[in-house]
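Hi,

Here's the structure I said I'd pass along. Have a look at it first, and my notes come right after.

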Amino acid sequence: MFEVPSLSDLNVGATLPVTLLALGACVLLVVDLFIPRERKSITAWLTAIGIGVSLVFSLLSLSGAVEFGSGELAFSDMYRADRLTDTINVAALITALLGVMVAYDYLERTRLQRGEYYILLMFSAAGAMLMGAANDLVIVFIALELLSIPLYILSGFRRPQEASEESAMKYFLLGAFASGFLIYGIALIYGATGTTNLPEVWDAVAGVVAEDSAAKFLVMIGAGLVLAGLGFKVAAVPFHMWTPDVYQGAPTPVVAYMSVAAKIGGFAALVRVFGMGLSTFVLESGAPAAWQDTIWLVAVLTMLLGNVVAIVQSDLKRLLAYSTIAHAGYILIAVAAAGTAGLEDTAAQAVVIYLIAYAFTNAGAFAVITAMEKDDASNTSLDALRGLASRCPWLAAAMAVFMLSLTGIPLTAGFVGKWFVFKVALQADLVAAAVVGVLTSAVSAYYYLRVVWMMYFEEGEGDAATPPALAWAIGVAAVGTLVLGALPYLLSDMAREITLAFGG
Amino acid sequence: MEDISLVTVVFMLPLVGVLPLLFVRSLSEHTMKWLTLTVSLVTFGLSLLLLYNFDTRVAGLQMVQKWDWISSDSFTIRYYVGVDGISIWLVLLTTFIMPISILASFEPIKDRVRLYYIFMLLMEWAMIGVFVAQDLFLFYVFWEVTLIPMYFLIGIWGSEDRIYAAIKFFLYTMAGSLLMLLAILWLGNEAGTFSLPEIFAKLNSGELSFSPSTERWLFLAFAIAFAIKVPMWPLHSWLPDAHVQAPTAGSVILAGVLLKMGTYGFVRFNLPLFPEASETFAPYIALLAVIGIIYGAWVSYGQDNVKKLVAYSSISHLGFVMLGIFALNSSGIQGGILQMVNHGISTGGLFLMVGMLYERRHTKMMNAFGGIWRAMPLFSGLSLVIVLSSMGLPGLNGFVGEFTILLGSAGSQVLSLWFTVAAAVGIILAAVYMLYMFNTVYMGELDKEENKRLPDLNWQELWSLIPIVIMVFAIGLQAGFFFNYMDSSVRDLVQYLGDTITAAAGR
Amino acid sequence: MLSEYAPIAALLVISVGMGILILFISRIFGPFRPTARKLAPYESGMEPFGPAIRRIPVKFYRVAVLFILFDIEVIFFLPWAVVFRDLGSYGLVTMGVFFFVLTVGFIYEWKVGGLEWE
């Protein structure tokens, strides 16, 4: 007979950051109805405050100063509030905050100023946070939907502009397809193990492997399908086809947010599912997990395709879209490293470090494009950058910092991310993946430097407008990129205590 | 709070100098120039103090500063700086070259002045960082960071093909150094620390050891990064482009200091970390070095562009340095280190000369000149000293370095005598192309109308050449003073190499 | 492990078999007097043939979507209502949260004019 839990068993306190954010979004949805169209800055401020409050709680929880709730598990073992959750929360919330700041003036000047924008953004941030906290495959799925559906709508926010509508449609259809893969994969894993709870899956998979039953194939196919579903979200090859079109068509501030948030959520879930749930899935004892080879091959393909195709792009948004594909590849190397027994924690740390570094850098880069973009969505080509350095020296300097960080030049956050990713890759003996990683980094230097050379070495009419909120966003992102690069211990100390839980 | 080491002060001063340039909006161009020059002169002064405080009897690091930067359960990364006999002269070379190239930029650089001097100081900061870093992470950071200011210096203030040259320079160096990054990570994972002295200690105590094949792979990963930077034949093709397109000060820094980072890397990392692999690869590297010597000299002779001639001569000269280092004995390495300094001074001087000619005539073609001596006697006299020093005339600095290197390679146990013979041919070739250049540009009839009224040196130019000429004579006549500083460290290194190689042979 | 699914497989076979069986039984035993109208595939007043893509006012879809939302609400409420005494305060609060979310959606929908036909 089902035993009724008591309310205190739910341990709502442990989920405070995400609960507050979701609750705030619900309340704001109603409040916003009573705010007149011309005063939507109130909604923007309220959103920022909501995200800020949640961020403060996450940081408090991260610093260990205050302990929220009792214990790590909440909602009948569905939610896990550990260090990984805290760091993913911080990353997602910072991205959301930058997203609000980048969007405000853009929405104002393109006359798209509607409260729904901010509320959808809050919901999707809550989804990304939940993915990092998932202790159960069902939560992974629900969180994925909570993250994705607002993003589908946001991509089409520039209705009735055709490119924006097309991007939303494409993203929605392919996204729904990917969700199907994910849920089918979850079903197969459930079929093989009899549970969706990740630590229990861990135990059960060990059992399945030990008795060598036919259920092993179910796990294998299930893991493959889950990889496909989540691979779609993080834009890994061969599930990347939507990325360039969607990123080019969607409103630029949306891209600034979603290119990072979707990755944060997707990779957090990959770490949870593969690092935590399926790390016992070894085909012969002592070998690394069976999915390791698949993931690093996917990583290699992703890095090669993303970097090589980015070289020939002439549109800045499209170029950065391919660059996001390439970066998914780098992070996937770390995910693959989690397949080696004993390295799960180190790999998770590398993933988190890379994600936080990437959040500042990539959101900043798209923020600069937002500043350049004209009201009719033009002026985002590489040529539009010509001479930007003499007209907007600080903006160009910020963009140069972002580009160097994406290349992985030291003293920027991007280098710190790559350092930890390659380090764990070598520890896991994934030498081939690491070598491809560094060589493609050298390739990527070409197209990132092309952005810098357009700004600094060419003469031209490059121009941009930086209203206060946007300027702050770019400033925060640039300073964040440099500070995290110069003081890498900020990142490594934050991530150091990330440990994944195994076994039920 | 522990004391701040003098090394840290010298290292961080240029960075501090960047701050007013970055944030004070009201500075006039004049103030910016003088501010930058002052910062670099003070840095030079403090680095002389470094020399004064240096204890020549100590082989290990001195004036060390060590702070934890990233610490974790399984590894530590430190801010770890210090100087020893190998790096002290290179630090001084950097601080010596910088004021000169800043002074030489006063006239030629007219637009985006603020940005220019910011990059100059960043450049100095990063280069000193490379030479003082004793932690692999720290070293790699500055190794890469030097690329950025140089990329901008070439790309913004260079001549016609500057963009192509800037990109080529950046990509070449970066592609090589990324493999080094993997090797560094591998070493760090194995050793549990990225601090060089600790890794040496672990290697010495046998706590850390590599299989011969791993050692060779690691050696190659480091060697490719350094060989591109040196540059060694056949990885040199970025160098003529970068040199020819860079502004004068950029070329001076490139030739004077940046190339030394490569050769320094071999001495600092490859030899002591992988002694057995060094011995295995020594003949091959020496072969490439000798090819570089002859090839560089040969191609120099065929140039009609003065700047290109000087650029190719660098390949030849750096070949000598490499040959000396891979002689793997005391005189070879000492000669190599001294030759790094010599080359920095002489070739820096040559590039300054080319820059001064270019400022006057806006061409670098040799046939546009001729008989300059009559129009500009002072300039030509100083030029002659520098040209002779680059050729290796006895009594000047080049001779001491090259002679010691040849002495080392002739006495080397790992290299055959033919390398020395071939290198000696290179010296003769050097005399040929240098004198050919001097003859075409400075001597002969002053037959071109536009050359007749060329003004002689102004005070900035004079003061940027004089220190170089002084150093040419100082090293040439008092080489013992310079060798004295590196003696203990190099002897220690050679001792260690010898021991390990003998031990390996005995196994 | 897979054998645990045997009852499901049995159920599948039986239900499919039953469906086919009933079709045939009615065909055999039922009266059969066809007319042109009766043979048409769909007899509820719709024109069975015509262009595949026809314009239907988007309002219908909106109403349909809203209907599904509130329909699901009922589906969740019903089982809770059956055992709400056993679930006690825990059930009340969780259902309250569910109801809160739905109400927020409802208010939003109402205010933005989602419920108006014109």
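Below is what I found, going chain by chain and then down to a single residue.

One thing to keep in mind: this is a predicted model.

Let's start with chain C. It has four helices and zero strands, so along the sequence the pattern simply reads α-α-α-α. The radius of gyration of chain C comes out at 24 Å, while the globule rule gives 13 Å for 118 residues, so this chain is more spread out than a compact globule. If you want a feel for the dimensions, the C-alpha atoms of chain C fill a box of roughly 60 × 55 × 30 Å along the principal axes. As for burial, 0% of the 118 residues of chain C count as buried.

Next, where chain C meets chain A. The contact draws on 13 residues from chain C and eleven residues from chain A. On the chain A side, helix α1 (residues 16–31) gives the largest share, with three residues. That side of chain A is made up of nine nonpolar residues and two polar ones, with no charged residues.

Finally, a residue in chain A to click on: A:G132, which sits in helix α4 (residues 115–133) of chain A. Is A:G132 buried or exposed? It's buried, because 29 other C-beta atoms lie within 10 Å, and the cut-off for buried is 20 or more. Leaving out residues up to four places away in sequence, A:G132 touches A:L84, A:T85, A:I88, A:N89 and A:A268. Its C-alpha atom is also 9.0 Å from that of A:A81, and those two residues are 51 residues apart along the chain.

Cheers

Technical notes
Residues are numbered from 1 along each chain as its sequence is written. Chains are lettered from A and ligands numbered from 1 in the order in which they are written. This is a predicted model: local features need pLDDT of at least 70, side-chain atom pairs count only at pLDDT 80 or more; totals for chains, interfaces and linings use all residues. Two residues are in contact if their C-beta atoms, placed from the backbone, lie within 7 Å. Helices (H or I, at least four residues) and strands (E, at least two) are DSSP runs, numbered from the N terminus. Ala, Val, Leu, Ile, Met, Phe, Trp, Tyr, Cys and Pro count as nonpolar, Asp, Glu, Lys and Arg as charged, and the others, Gly among them, as polar. The radius of gyration is taken over C-alpha atoms; the globule rule is 2.2 Å times the number of residues to the power 0.38. A residue is buried if 20 or more other C-beta atoms lie within 10 Å of its own, exposed if 12 or fewer, and partly exposed in between; C-beta atoms are placed from the backbone.
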